[in-house]
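Hi,

Here is the structure I promised to send over. Have a look at it first, then read my notes below.

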Amino acid sequence: MPQSTRTQPQTTPTERFLKLANSLQFIWFAGHLVVILSTPLYLFTFSDFLYRTIYVAVLESFGIILYQQYYLKTHSINIQAIKNSLFNDENFFYFILASIWLFLPQSSITILPYFIFSLFHGLRYLETVFLPKVFLCNETNSWIVRIKNFSKDYNERCMYWVASIELLIFVQCIFKALLWYKNSWIGLVIYSFFIKVRYENSKYLTSVFSQWRVRLDGIISHPSMPPAVKRSYNTLKLKIVQISKYQLTPKTAHPSSSSASTSASTDKKAI
């Protein structure tokens, strides 16, 4: 007698979703999703609760990356690797910075870089993991194609926006410190260190900084500008050049523009 063939029962989208939700990668995605949804609500309400919630979610998503990188890969806490990451791992820097913003007074502009990172990380996860595994979508699916095209068109541009925002945050930190806002000097010292390291390692921040310098040079060189202002600007520019000669990180070429959704490297492309 011919043997009857048994077909494997097809799982439902709900079952596939529940299976996916048990993964560490989904928890990482959930943190980014909280940032994506909470940021617009915060910008309309300026709720302190939403502000702190956003940074808790940021710490959760970046913390998972660091946990995977420095614990799961070696099954032990590698103290030496953590020390090296202080100057080489951008995820570590953004994690530390988020922990500082969490406890300092609200500064709405500081949320924007994390929102942009979360947006592209979340889209990448939908494209490569969620839609294919839960809804069994292939690469020709219209939603996947739209996500891929959006990321391709706007990813690089948004990384330059992030660099511009980071410089604006630095300017804000300087003014707050000069006006003696509460804990402003703590934020300025830590953020100055962050900007210096980012300048040494980020092609985006280096490019934006150069653009700002050219524009300021043009403004300051205008004949109507008082000589005292010109002298002060030139002195400040000379000091910045002197500081830039001191390297805080190993001198390497700027990273290439590529990243995986699970590693979530922020200066490399945010996907």
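Val171 sits in helix α7, which covers residues 142–178. Bear in mind that this is a predicted model. Is Val171 buried or exposed, or something in between? Its relative accessibility is 31%, and buried would need under 20% while exposed would need over 50%, so Val171 counts as partly exposed. If you want a distance to check on screen, try Val171 and Leu188: they are 17 residues apart along the chain, and their C-alpha atoms are separated by 9.4 Å.

Now zoom out a bit. The protein has 10 helices and zero strands, so going from the N terminus you meet α-α-α-α-α-α-α-α-α-α. There are 271 residues, and 37% of them count as buried. Take the contacts with a separation of 6 or more: 72% of them come from residues 24 or more positions apart.

Next, two pairs of helices to look at.

Start with α3 (residues 48–72) and α5 (residues 90–103), which pack at an angle of about 155° with their axes 9 Å apart. Angles over 145 degrees count as roughly antiparallel, so that is how α3 runs relative to α5. The crossing of α3 past α5 is left-handed. On the α3 side, the residues in the contact include Tyr51, Tyr55, Leu59 and Phe62, and on the α5 side they include Phe92, Phe95, Trp101 and Phe103. Sorted by class, this contact has 15 nonpolar, three polar and one charged residues.

While you are at α5, here is a small sum to follow. With 14 residues at 1.5 Å a residue, α5 should span 20 Å, and its end C-alpha atoms are 21 Å apart, so the two agree. Which residues of α5 are buried? They are Glu90, Asn91, Phe92, Phe93, Tyr94, Leu97, Ala98, Trp101 and Leu102.

The other pair is α8 (residues 184–201) and α9 (residues 203–220), with an angle of about 100° and axes 6 Å apart. Since 65 to 115 degrees counts as roughly perpendicular, that is the label for α8 and α9. Here Ile195, Arg198, Tyr199 and Asn201 from α8 meet Lys203, Leu205, Thr206 and Phe209 from α9. By class, the contact between α8 and α9 comes to four nonpolar, two polar and two charged residues.

Cheers

Technical notes:
Residues are numbered from 1 along each chain as its sequence is written. This is a predicted model: local features need pLDDT of at least 70, side-chain atom pairs count only at pLDDT 80 or more; totals for chains, interfaces and linings use all residues. Side-chain values use heavy atoms; hydrogens and water are left out. Axes are lines fitted to C-alpha atoms, for helices over the stretch in contact, and angles run from 0 to 180 degrees between N-to-C directions. Helices (H or I, at least four residues) and strands (E, at least two) are DSSP runs, numbered from the N terminus. Angles under 35 degrees count as roughly parallel, over 145 as roughly antiparallel, 65 to 115 as roughly perpendicular and the rest as oblique. A crossing is left-handed if the near helix is turned anticlockwise from the far one by less than a right angle, and right-handed if clockwise. Contact means heavy atoms within 4.5 Å. Ala, Val, Leu, Ile, Met, Phe, Trp, Tyr, Cys and Pro count as nonpolar, Asp, Glu, Lys and Arg as charged, and the others, Gly among them, as polar. Buried means under 20% relative accessible area, exposed over 50%, partly exposed in between (1.4 Å probe, protein chains only). The expected span of a helix is 1.5 Å times one less than its number of residues.
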